[in-house]
Each structure stands twice: as C-alpha cells, then as structure tokens.
Amino acid sequence: AARVLLAVVIVFTLLNSAVSVGFSYLSKDFYNALNSKDTETFYPLLTRYAAALTGGAPVAVLYKFYRDKLAVQWRSWMTQRILDMYEANRSYYELEMNSDIDNPDQRITEDARSFTTTSLDFSITLMTSVIDLVNFSGILYGIYPQLFGAIIAYSTFGTVVSVWLGQSLVQINFQQLQREADFRFAMVRVRENAESIAFYGGEALEMKEVKARFGKTIDNYFKLVATQRNLELFSTAYRYMVQVIPAFVVAPLYFADKIQLGVVSQSYGAFNHILGDLSLIVNQFEDISSFGAG
C-alpha cells in the first residue's frame, strides 16, 4: 500500500510540474497578444487559461492531499514499529538507566512525526526541483543564454553565503530540542509526584529545578533567534534581488524590439522557477537545520 501511494505521489508530482510548464507558455502567449493588441488571439487565450485552471487546480490539490496522506501513514507505521522496539527486551528500562539517550518519549511522539513529514517533503521538493530544472532550463536558455549564466552564478553565491551564516543552526536547534524536552519532563515529574512533593514540602526545591531548566531553554532560544536573524537578513535581500536580475538582463532586448513582452514574462517565470530549484538551501536552511537536529 505504501509503494502504491508513493507511486501516486510521484505521478502527481510530474503532473504538477507539467502544469507549471504549460502555464509558462500560456502566459507568454497571453502577454504577447496583449502587447500587440491582438484581440483575435487574446480572447480565445482567456478561454484556454480558464480550461487550464480547471484542470490544474485539482492536480495541485490532490498532489498535496496524497503527499500528506503518505506522511501520516508512514508516521503511523514508524511509530508503531518504534513502540514495539521500545517494549522488546525491556528496552524502556535500559534507556531510562542509560543517560546517553534522553527523553525517549519526546523522540517517539514528536521526532518520529517530524522525521516522516519533513523527510518526505524534502524528498518530493528535491525531485520537483530536478524536474523543474530540466524543463525550465531549456526555456530560459532558449530565451537568452546569458540569463541562464546569471542564475547559476547568483544561486551559487546565495548557497555559499547561507551555509556560512547558518552553519551553527543545526547544533543550536539540537540543543533547543533537548532543553525543551528536559523542561517538559521536569513539569511531568512534578505532576506525577505531586503527592510526595506536597507531603514533604518540596515545592521550592522542585520549582527551582523546573525554573533552572526553563532558563536554559530560554537562553538557548535567544541564541537560535539571533542566528536566524542573521540568516533571514541575507535570505530576504536575496529574494528581493530576484525581481531585478531578469529585468536587468532581458530589458535591453525588449527595448531594442528583439523580443516581445510575453517573452519577458516567460523569462521571469522560468528564472524564478530555476532560482527556486537551485536555492533550496537558501530558502529552506532553517527547516533543514531543524530537521537535522531532530
């Protein structure tokens, strides 16, 4: 069943990419007709656009639905398998005695969910990026080879800077997961031992420990926020520059009447698709670091 569902997800991924390519050519024809004031071509194109939307919308929705369904089923299978392993040979007792592995409850409930959902998202995103890269590279190179060269240089620069700025994020995220779990465990411990704590008057001692763990959680969170701020400053500026680069490279051809407005529009779309494909690390570095920590 999992293999069948994975195959369905892959099929809808391919269909989703095909829809994007189709809209790229429709957009080019649409703006060309608008630019040349060609009413005979323009109005039939509106009909084609509506038909494409009617067919493309269900593809996009079903693509996300089957991907989410696969993630839920994978989490269900993996969690049950881990629970069986947790029970077997009194592993739960061994883990409690072994301080090398902390908070197994959190790892089973949260990390298994995060792993299945995020790794599936990354895998599908990577596959989509490869497909889009092949499709739109041909379009962009056909419009203007220099624009294709510019995108390779720009995405390489963005990736190198992002890795340099965010290289400590994985370790900080890992520490944050640990400290959040330690804080939660301390709270659970107070609740489970409420009667003993009340009987012996140990509230002050217990709360001192809970607050100490919470303080470590907040201190690490400030480090995380500061690192994310530095990365966000760069990645936001990186995304804004995307709006300028295609115009800077292609505009001289348009002003010289060598290309039409529709080609400019198509180059923008292709440029953004390829840049998104080549900028996976820039756009998702925070998510990747969180995933690596988990």
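## Salt bridges, helix packing and two loop residues

Guide: Welcome! In helix α8, Glu209 and Arg213 pair their side chains in a salt bridge, at 2.9 Å from N to O. A salt bridge here is a side-chain nitrogen of Lys or Arg within 4 Å of a carboxyl oxygen of Asp or Glu. This is a predicted model, in which local features need pLDDT of at least 70 and side-chain atom pairs count only at pLDDT 80 or more, while totals for chains, interfaces and linings use all residues. Residues are numbered from 1 along each chain as its sequence is written, and side-chain values use heavy atoms, with hydrogens and water left out.

Visitor: How many residues apart are Glu209 and Arg213 in helix α8?

Guide: Helices are DSSP runs (H or I, at least four residues; strands are E, at least two), numbered from the N terminus. Within α8, about one helical turn separates Glu209 from Arg213, because they are 4 residues apart.

Visitor: Is Arg213 buried, partly exposed or exposed?

Guide: Buried means under 20% relative accessible area, exposed means over 50%, and partly exposed is in between (1.4 Å probe, protein chains only). Its partner Glu209 has 37% and counts as partly exposed. With 24% relative accessibility, Arg213 counts as partly exposed.

Visitor: Which residue forms a salt bridge with Lys64?

Guide: Look in helix α2, where the two partners lie 4 residues apart, about one turn of the helix. Lys64 is partly exposed at 46%, and its partner is partly exposed at 32%. The closest N and O atoms are 2.8 Å apart, and the partner of Lys64 is Asp68.

Visitor: How many residues apart in sequence are the parts tied together by Glu206 and Arg189?

Guide: The side chains of Glu206 and Arg189 meet in a salt bridge of 2.8 Å, N to O. Glu206 sits in helix α8 (residues 203–241) and Arg189 in helix α6 (residues 169–192), so the parts that this pair ties together are 17 residues apart in sequence.

Visitor: And is Glu206 buried or exposed?

Guide: Arg189 counts as partly exposed, at 38% relative accessibility. Glu206 has 15% relative accessibility, so Glu206 counts as buried.

Visitor: How many salt bridges does a search of the whole structure find?

Guide: Side chains of opposite charge can pair when their charged atoms come close. Searching the whole structure gives a total of 5.

Visitor: Are α6 and α8 roughly parallel or roughly antiparallel to each other?

Guide: Axes are lines fitted to C-alpha atoms, for helices over the stretch in contact, with angles from 0 to 180 degrees between N-to-C directions. The two axes come within 9 Å and cross at roughly 155°. Angles under 35 degrees count as roughly parallel, over 145 as roughly antiparallel, 65 to 115 as roughly perpendicular and the rest as oblique. Therefore α6 and α8 are roughly antiparallel.

Visitor: What is the phi of Asn89?

Guide: Most residues other than glycine have a negative phi. Asn89 lies in the loop between α2 (39–87) and α3 (91–97), and it is exposed, with a relative accessible area of 75%. Although Asn89 is not a glycine, its phi is positive, at about 55°.

Visitor: What is the relative accessible area of Arg90?

Guide: Arg90 also belongs to the loop between α2 and α3. Phi of Arg90 is positive too, near 55°, in a residue other than glycine. Arg90 is exposed, and its relative accessible area is 59%.
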